[in-house]
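Hi,

Here is the structure I promised to pass on. Have a look at it first, and then read my notes below.

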There are 4 protein chains.
Amino acid sequence: MRRACIIGASGVIGGELLRLLLGHNNVEVVCATSRRFAGEFIYRVHPNLRGFINLKFTQPSIDAVLKSESDVVFLALPHGESVKWVPKLVESGLLAIDLSADFRLKNPDDYVKWYHWPQPHPYPDLLKAAAYGLPELHRDEIKATKVIAVPGCMATASIVSLAPLVKGHLINNDFIVVDAKIASSGAGAEGTVLDYHWHRTHVVRPYQPVGHRHTAEIEQELSLLAGSQVNVAFTPHAVDMVRGIFVTGHARLSGSISEPDLWRAYRGMYGNERFIRIVKDKAGLAHYPSVKYVVGTNMVDVGFELDQRLNRVVVFSAIDNLIRGAAGQAIQSFNINQGFPEDEGLRFITPYPV
Amino acid sequence: MRRACIIGASGVIGGELLRLLLGHNNVEVVCATSRRFAGEFIYRVHPNLRGFINLKFTQPSIDAVLKSESDVVFLALPHGESVKWVPKLVESGLLAIDLSADFRLKNPDDYVKWYHWPQPHPYPDLLKAAAYGLPELHRDEIKATKVIAVPGCMATASIVSLAPLVKGHLINNDFIVVDAKIASSGAGAEGTVLDYHWHRTHVVRPYQPVGHRHTAEIEQELSLLAGSQVNVAFTPHAVDMVRGIFVTGHARLSGSISEPDLWRAYRGMYGNERFIRIVKDKAGLAHYPSVKYVVGTNMVDVGFELDQRLNRVVVFSAIDNLIRGAAGQAIQSFNINQGFPEDEGLRFITPYPV
Amino acid sequence: MRRACIIGASGVIGGELLRLLLGHNNVEVVCATSRRFAGEFIYRVHPNLRGFINLKFTQPSIDAVLKSESDVVFLALPHGESVKWVPKLVESGLLAIDLSADFRLKNPDDYVKWYHWPQPHPYPDLLKAAAYGLPELHRDEIKATKVIAVPGCMATASIVSLAPLVKGHLINNDFIVVDAKIASSGAGAEGTVLDYHWHRTHVVRPYQPVGHRHTAEIEQELSLLAGSQVNVAFTPHAVDMVRGIFVTGHARLSGSISEPDLWRAYRGMYGNERFIRIVKDKAGLAHYPSVKYVVGTNMVDVGFELDQRLNRVVVFSAIDNLIRGAAGQAIQSFNINQGFPEDEGLRFITPYPV
Amino acid sequence: MRRACIIGASGVIGGELLRLLLGHNNVEVVCATSRRFAGEFIYRVHPNLRGFINLKFTQPSIDAVLKSESDVVFLALPHGESVKWVPKLVESGLLAIDLSADFRLKNPDDYVKWYHWPQPHPYPDLLKAAAYGLPELHRDEIKATKVIAVPGCMATASIVSLAPLVKGHLINNDFIVVDAKIASSGAGAEGTVLDYHWHRTHVVRPYQPVGHRHTAEIEQELSLLAGSQVNVAFTPHAVDMVRGIFVTGHARLSGSISEPDLWRAYRGMYGNERFIRIVKDKAGLAHYPSVKYVVGTNMVDVGFELDQRLNRVVVFSAIDNLIRGAAGQAIQSFNINQGFPEDEGLRFITPYPV
């Protein structure tokens, strides 16, 4: 049994961590902090938890966390906040699982470039020691670290869909287009007027179409796999769904590549993965991935199609942004790190339709 | 371990039974029938199950069920079909859990009146022996029977919301208005043009506003509790949601009733129930029930409000129509019947938001 | 040509007034005020108007309105604000069309009771002189007044659906249930967290289920028609749609009433109305009203069904909350008052599907 | 006054033609055919038209059309059907406006390649004489023809968004990615199970991601503008909206191109167009196009963003698929051909929000 603390527990991702950890056989949640709602019952902010948890939110403080005798701390904080917590947690011997971007990028200068920090990341050694918590790519590092940087939601979907092609040198790396479609819950508990129902239903609109921060992670991870620089032209769009990310990757093939070549690349990399399905089927309802088939789970569904006319490939991936894109992937990495079954607390099948 | 067979497994409710039973620790699904899809992999019709089940649909036949050595048979068939199966299953000593209406009404003549059967129900003894599978009202009968008639989805929500008031004689029984709002998945896998997306999104439209069949069950169960005839003016509406039923009951109070009286009625009846929450809170996000807080679970959330100006009460309830309104309630009753923990296979917390 | 000014033009209703008046052949919009956006181009707040209007918002002030040489002023202000404007406008001889509740109730004390004003309405004479701007009920008064109080959106739908029954003494007036379903845009431009997309899609939840302010208008108008007190048990619900109100009325019949009696009541009252359709059809797609068939128009669709078993009637009505529930009805009344064709600027047919 | 006949009037596009032509000052609809609904009142199939039209559907036949003394025939038929009608209509001197694909492609062999016809188009001369009815590109040909081939909905959005870049030789033409997002109403009145509400809400799923037929039109028109072959990697996706198409184009710049260069290209081509808006704004709600701002109108909103890091450009366009993508564009071309004001019958402003 591990004692867990959630910092930033009143947000959408904090709520999802609470929900999932309540069903985890090896975890007891001992504290959940919220600056805004400290003193309030958790179920008043997360009404789905009514009847399942009687804890109240507490004020966030390192001292309180240490006193709570937690083994692991999940940080669901805004970017730029986690970096103030993680060094102290690690110093005290705790496992830090950070859902912000603060430890995702290996190059300290990238925080200046992509996150507009006034200076490079102040803890380059911790950056090196941190594992990029995408289990299918970094399982060994996740096992051996005290800092897990949970990938961005759109980065997760993008990297998983393209990794086999990049690793196998099957596509041109100088111009990979990633066109993402994202759900509303990604905006977190503090939205803007554009998150109101009447602005956000039945909509498609671009969101930071150039220079989106997740580009940095995607290029970092794909370049690592390729062994050379990969350029990703990344453009996300807000669409009408509450949960889910759908990523479409468009790339030119590097040579004469056949459909069996593509199958081999995907099967070779993901054939034994518990949380990745290759969805490509001529029969049945589902010919390709869809957010509808992954919502509520930690799955990544990937698929692809070859276009011989233009010697190009289109790849797809779908995830639940709050589970595989955040809380679920955090717990999957936690399980790996602690030696628990990788799917402990994550054995959900999508309630279809929902 | 019980061996289970699902008859009518390619429909929406059949799919939900499969999904839930795959996560049930005491059940093994050994057959799943579909006239239309016999021979096809189940995951091709229920794409959420891809990777979780390798069974194929088989043709429905009593012989095949008996050969399968099943202990329990879940029937997710259209009304009028189950009645052909259940007597034979019972004869062979199997437990029959029927999700159609064929064994819900106690009075054989009611099938003529409400379901337009050409003659009264042909198995009045089986009707008597069957339990109306609403566990919070009929737990003892469910334990002792071989035929469980799973209540209608809208009936479940309506009965649970009004039962404490009717049982406590707190309202006038001659004219109780039940205004229901229902999700699209209730239409099943075979919809009509009105179930298409563009007809069904952002819509409110009445659906069989007079004479809806669930009225019969609601009146039967409430009259039983009241000890006299209860009249229910039931009118459902199609609204834009995939899962969920929301029921609003409007009634006049029978005398001078206070809010604490109402609390006592609801707490007295449901205070210890695992799957019923009373949602009535001045603070927090959720002042009353909402489908958003029950989707994906077997919960019934109930609430109420007193209107002293008109000496009336408004009651609310919300359920997931496919779980508490069908597959989940079936499993809850199955658990009771078999002596398993009542929430085995049903320990979900709503993924909020979804 | 009339010169018009819109006070409170940056809100959702203000935007709808602008849109509709831009298409009105006898109106020129000469000013549009907004405290928050004064100085900003209107199309930056109402992106649909880009390319159609080059005006900027101005600060609201009586002096500016008078200087603008407006003939008519549309007030789309919060309740309690219009009352500060209307007396001065009337004094200056302008026509005031108020979309708030400030001049809807005839009894000055009702503002204390329903709107929690500290004292009765300060202008009882203006209340008397004001017309309740529901054209099908008050056409003559609308013609003759300088103050038009545009009805509440839910009140409009409720009154129109029940008026023929109440006027014809066909139902019991002591307990009429009105169960309303409302769209998100009614919340206006300043929503709360519960108006965010993820809280508001696929939802049904009650909203002020007891004591809602529109009850006062509904009872006032129905009592006027009945010649005696009518009691309305009014309970609205938030559902997933952007535009639209659907009202279901449940009542007991006052005696032995037949379906032809009901037809006569509705046809007698609305048979010649340009903006009211009776939707009750055994054939075709639409058996009853639906918000889908009125969105984008000034229509009220009404329908009904008789339940002989319980000697009750169910009535339905559907409107576009921003047009017939606000801006459109305001313009319809304006047209009547000014002697323009009643449908000038309002000749839209619902874009179906939308 | 022109007399118009609509062939295939019971479908979604047929209904939209009816609705728009009912508001056109120079058109009288004299016949509307439907094989399936002949003899039925039109408003029973298109409930939005109740009260606005009393015509019944008739059986489709050339003779009946000729007898109707129509001047213009709008064909809203499936691909492969119009080709049987158009030659005869032209022979009889009527104006044929074809909303299918049968006269869009100039190369007769392309019908074999993209539409799988068993042999090349049988009327190559008519193909040549037909105008591709995208008014902003082919206004003169539209004026002078008797056959107008209304462009595909996704083709319209794609071509308009990319035309200025291709015409100005600002991007590389060998690999232009067009990632489209489409509404459900595009499926027409005869959908499949995947068009049901529960499959189609809150979804993103690819739809014919390779080899989609609209690719042929897009490449034809862009190549014409470029003066050389343009390759378009086109992949559409079903998303949750009823009306609307959003197109995102991803391309590499052909050289050192600045933002003012891009502005010049778009303003130069579209600066005076009644139905095209360039939406690119740092202030206000709308920084880029969105389907929300064009629904219900004949507008095309276009926008773009420069990504200097990768020397690429992203372009956007949004249309209403049933108006600008079908019925509205047909009427715009009709107006041009007949010398009516180009916006006659099309002067709608988006009802926002809807």
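How many residue pairs are in polar contact across the interface of chain C and chain D, with both at pLDDT 80 or more? The rule finds 18 such pairs. Before you go further, keep in mind that this is a predicted model.

Let's stay with that interface for a bit. On the chain C side, helix H1 (12-22), helix H2 (42-45) and strand S11 (276-278) each supply at least two of the residues that touch chain D. The largest share comes from H1(C), with 4 residues. Counting contacts, 38 residues of chain C meet 38 residues of chain D. The size of an interface is often given as the accessible area lost when the parts come together. For chain C and chain D, the buried area is about 3300 Å², and carbon and sulfur atoms give 63% of that. There are also 4 salt bridges between the two chains. If you want one to look up, try Asp281(D) and Arg50(C), whose side chains meet in a salt bridge at 3.5 Å, N to O.

While you're in chain D, find Trp263(D), which lies in helix H11 (residues 259-270). Is Trp263(D) buried or exposed? Trp263(D) counts as buried because its relative accessibility is 19%, and the cut-off for buried is under 20%. Leaving aside neighbours within four places in sequence, Trp263(D) is in contact with Gly268(D), Ile278(D), Lys280(D) and Phe304(D). Phe304(D) sits 41 residues away from Trp263(D) along the chain, yet their C-alpha atoms are separated by 8.9 Å.

Now for salt bridges elsewhere. Over all chains, the structure holds 96 of them. Here are some to click through:

- In chain A, Asp301(A) pairs with Arg277(A), with the closest N and O atoms 2.9 Å apart. This pair links distant parts of the chain: Asp301(A) is in strand S12 (residues 300-307) and Arg277(A) is in strand S11 (residues 276-278), 24 residues apart. Both Asp301(A) and Arg277(A) are buried.
- Also in chain A, a network of salt bridges links Glu16(A), Arg19(A), Arg243(A) and Asp320(A).
- In chain B, the side chains of Glu344(B) and Arg347(B) meet at 3.1 Å, N to O. Glu344(B) counts as buried at 5% relative accessibility, whereas Arg347(B) counts as partly exposed at 46%.
- In chain C, Glu259(C) forms a salt bridge with Lys280(C), and the closest N and O atoms are 3.8 Å apart. Glu259(C) lies in helix H11 (residues 259-270) and Lys280(C) in the loop between S11 and strand S12 (300-307), so the pair ties together parts that are 21 residues apart in sequence. Glu259(C) is partly exposed, with a relative accessible area of 29%, while Lys280(C) is buried at 12%.

Last stop: helix H12 of chain B, residues 323-338. What is the distance between the end C-alpha atoms of H12(B)? They are only 19 Å apart, although a straight helix of 16 residues would reach 22 Å at 1.5 Å a residue. H12(B) also has a kink of about 45 degrees, centred on Gln329(B). H12(B) is mostly covered, with 15 of its 16 residues buried. Right after H12(B) comes Gly339(B), with a positive phi near 80 degrees.

Have fun clicking around!

Key: Residues numbered from 1 in each chain as written. Chains lettered and ligands numbered in written order. Predicted model: local features only at pLDDT ≥ 70, side-chain atom pairs only at ≥ 80, totals over all residues. Heavy atoms only, no water. Expected span 1.5 Å × (residues − 1). Bend = angle between axes of the 7 residues up to and from the residue. Buried < 20%, exposed > 50% of the residue type's maximum accessible area, 1.4 Å probe, protein only. Contact = heavy atoms within 4.5 Å. Buried area = accessible area lost by both parts, 1.4 Å probe. Polar contact = N/O pair within 3.5 Å; in protein donor to acceptor, adjacent residues only side chain to side chain.
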